[in-house]
Amino acid sequence: MKIILNTETDTKDKTDFSMKIAAGKVIRAALKQEKFPYDCEISLVITDSEGIRKMNREFRDIDKETDVLSFPGLTYNSPSCFESAVKDTADCMDPDNGCVVFGDIVINIDRVHSQAAEYGHSELREFSFLIAHSIMHLCGYDHMTEEESRVMEAKQEEVLSLLGITRN
């Protein structure tokens, strides 16, 4: 599976790890876990609290900062039902590279720093968790009910465990 990860950094804030490499590893592991059968293209934007608040207001009509935003490129009958999503979604392939346009992820780097400190784990773990969380949204999962939350959380933790990215 080929993954094209288009990254844009809209902040001068840095981490002690490569965000693009970390994101790529988590994305690949999550898509493998979900048995995603296509080459895909994902956009990743790293911004700050002000930038994500602006996007949340513009695209979701919610005037509030958050830690991560996910914008799926596919519509699902049920989570991780990729064949029907690709079949039923008009123009989901990028004609230039033949990849499924899988979606967009926006990460608030300020929250990566603060939540890592709050939860007592590394910034790499927090960043990786947010990427895994977002990929599950791009696969059609949600956490609107208690059961949906349990399923999504278990999948996120499985990805991070496979990569050895733990809370400590």
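Let us start with helix H1, which lies across strands E1, E2 and E4 and runs at about 145° to E1. Keep in mind as you look around that this is a predicted model.

The strands that H1 crosses belong to an open sheet of 4 strands, in the order E1-E2-E4-E3 and with mixed pairing. At its edges you will find E1 (3-9) and E3 (68-72), each of which pairs on one side only. On average, neighbouring strands of this sheet are turned by 15° against each other, if direction is ignored. In general, strands of a sheet pair through backbone hydrogen bonds, either parallel or antiparallel. Here E2 and E4 run parallel and are joined by 8 bridges. To see one partnership up close, find Leu44, whose bridge partner in E4 is Ile105.

Now move to helix H4, which also lies across E2 and E4, running at about 60° to E4. Its N-terminal end is capped by Asn108: a side-chain oxygen of this residue lies 2.9 Å from the backbone nitrogen of Asp110. Which residues of H4 are buried? They are Ile109, Val112, Gln115 and Ala116. Because these residues cover an arc of only 125° around the axis, they sit on the same side of H4. That buried set packs against H1, E2, E4 (100-108) and helix H5 (123-138). Turn to the other side of H4 and you meet Ala117 and Glu118, which are exposed. Just after the helix, Gly120 takes a positive phi of about 75°.

Next, follow the chain out of H1. In the loop between H1 (19-33) and E2 (40-47) lies Glu34. Is Glu34 buried or exposed? With a relative accessible area of 6%, Glu34 falls under the 20% limit and therefore counts as buried. Its side chain makes a polar contact of 3.1 Å with the side chain of Gln33. Leaving aside neighbours within four places in sequence, Glu34 is in contact with Ser80, Phe82, Met136, Cys139, Tyr141 and Lys155.

Phe82, one of those contacts of Glu34, leads us to the aromatic rings. The whole structure holds 7 aromatic pairs. In the pair of Tyr76 and Phe82, the ring centres are 6.0 Å apart and the planes stand at 75°, so this pair is edge-to-face. Both Tyr76 and Phe82 are buried. Together with Phe36, Tyr38 and Phe102, these two residues form one aromatic cluster.

Methods. Residues are numbered from 1 along each chain as its sequence is written. This is a predicted model: local features need pLDDT of at least 70, side-chain atom pairs count only at pLDDT 80 or more; totals for chains, interfaces and linings use all residues. Side-chain values use heavy atoms; hydrogens and water are left out. Helices (H or I, at least four residues) and strands (E, at least two) are DSSP runs, numbered from the N terminus. Buried means under 20% relative accessible area, exposed over 50%, partly exposed in between (1.4 Å probe, protein chains only). A polar contact is a pair of N or O atoms within 3.5 Å; within protein, one must be able to donate a hydrogen and the other to accept it, and residues adjacent in sequence count only if both atoms are side-chain atoms. Contact means heavy atoms within 4.5 Å. The arc is that of the directions from the helix axis to the C-beta atoms. Rings of Phe, Tyr and Trp (its six-membered ring) pair if their centres lie within 6.5 Å; planes under 30 degrees apart count as stacked, over 60 as edge-to-face and the rest as tilted. Two strands pair if DSSP finds at least two bridges between them. Axes are lines fitted to C-alpha atoms, for helices over the stretch in contact, and angles run from 0 to 180 degrees between N-to-C directions.
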